[in-house]
Amino acid sequence: MDIPIAKPPLTIRLCGPRGFCAGVDRAIQIVVLALKGYGAPVYVRHEIVHNRYVVEGLEAKGAIFVEELDEIPPEHRQQPVVFSAHGVPKSVPEDATARNLFFLDATCPLVSKVHKQAMRHQRLGRHVILIGHAGHPEVIGTMGQLPEGTVSLVETIEDADVYEPADPDNLGFVTQTTLSVDDTAGVIKRLQERFPNLTAPSADSICYATTNRQEAVKQAAPGCDLFIVVGAPNSSNSKRLVEVALRAGAQKSMLVQRASEIDWADIGDIATLGLSAGASAPEVIVNEIIEAFKARFATSLELAEFSIENEHFLVNRELRPIELTTEDMAWVNG
Ligand code: SF4
């Protein structure tokens with residue numbers, strides 16, 4: 001007779017908030033509603049949010065992802081094209097207008113707020129310092145709100161140490177929305193030490209969702225043998241959560257996109273697992289990962305809740321008459 005082997009016990013500390021923020025939710029809704037209202041195909045410039053599951057799910061519904069507008073064939077120019085949640089340089093809507101395209105801008109309102117803060121600095125004659133990661137689409141979009149030569153990118157404290165502006169007394173800064181709160185505070189401090197007249201934006205550029213997810217991870221990570229962040233390798237906010245977990249005391253931390261990616265041999269003996277998800281990671285994948293652990297461990301779930309979020313952003317005016325049902329979003333929300 002086979003004697004059943006008892007599963008080892010595992011406490012899963014599930015962070016709250018985690019996963020979709022209001023900006024990501026809105027961006028996905030925009031594509032779903034455009035498909036419902038205008039029919040396939042709907043073009044999307046760049047990954048709508050940095051998550052393969054979301055992109056592939058929308059592709060299955062009829063979305064076509066392109067990197068540039070000239071990839072849209074002439075016979076589909078009457079179909080909508082959606083700009084991603086990360087925001088786009090000013091030249092993109094200008095180009096879309098020149099091509100007579102029907103575009104729907106899914107830029108997160110909190111990214112648009114940073115664009116306005118940067119433009120305000122520039123209008124008041126300040127040279128703009130953007131703290132962010134080179135090459136990230138949000139950084140490209142924010143820099144593209146300003147005339148060339150009026151914005152400089154600073155990524156690290158080392159960059160802040162060597163940055164030499166033409167007029168040190170006339171500077172204003174903004175930041176990417178998804179940075180590490182603690183690292184960014186260090187970069188700002190160094191810039192302020194060097195340039196005492198540096199002007200801050202009227203409100204923090206790092207968004208509520210980034211801040212809340214990092215705080216929840218900070219609270220949950222101490223004592224965790226392993227901390228899993230559900231998210232993509234090109235998701236800035238997800239990568240920051242991995243770093244935050246390690247700094248806050250998790251023994252080990254990793255990004256996971258799907259349960260099938262987990263290397264169980266590498267997981268080894270663990271008693272406490274921390275679990276969170278980046279702002280672009282769907283809840284269905286969090287559930288999938290919990291189920292995968294349940295199959296191998298006798299799990300008990302603890303909620304590590306830092307705050308409850310109630311933010312909600314309206315979709316574009318043209319899409320508001322189209323009804324969005326719970327079923328329309330069940331493939332991501334579960
Ligand atoms: Fe908007 Fe923040 Fe979400 Fe980015 S992470 S889409 S800025 S709410």
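Start with the whole surface: the protein exposes about 15100 Å², and carbon and sulfur atoms supply 52% of that area. Accessible areas come from the Shrake-Rupley method with a 1.4 Å probe, and for residues only the protein chains shown count as cover. This is a predicted model, in which local features need pLDDT of at least 70 and side-chain atom pairs count only at pLDDT 80 or more, while totals for chains, interfaces and linings use all residues. Residues are numbered from 1 along each chain as its sequence is written, and side-chain values use heavy atoms, with hydrogens and water left out.

Next, colour by secondary structure. The protein has twelve helices and twelve strands; these are DSSP runs numbered from the N terminus, helices being H or I of at least four residues and strands E of at least two. The radius of gyration, taken over C-alpha atoms, is 22 Å, and the globule rule (2.2 Å times the number of residues to the power 0.38) gives 20 Å for 334 residues, so the protein is as compact as a globular protein of that length.

Show C-alpha atoms alone: along the principal axes they fill a box of roughly 80 × 55 × 30 Å.

Colour by accessibility. Of the 334 residues, 52% are buried, where buried means under 20% relative accessible area, exposed over 50% and partly exposed in between (1.4 Å probe, protein chains only).

Now select S112, in helix 4 (residues 109-123). Its relative accessibility is 22%, so S112 counts as partly exposed. Add R99, 13 residues away along the chain: the C-alpha atoms of S112 and R99 are separated by 23 Å.
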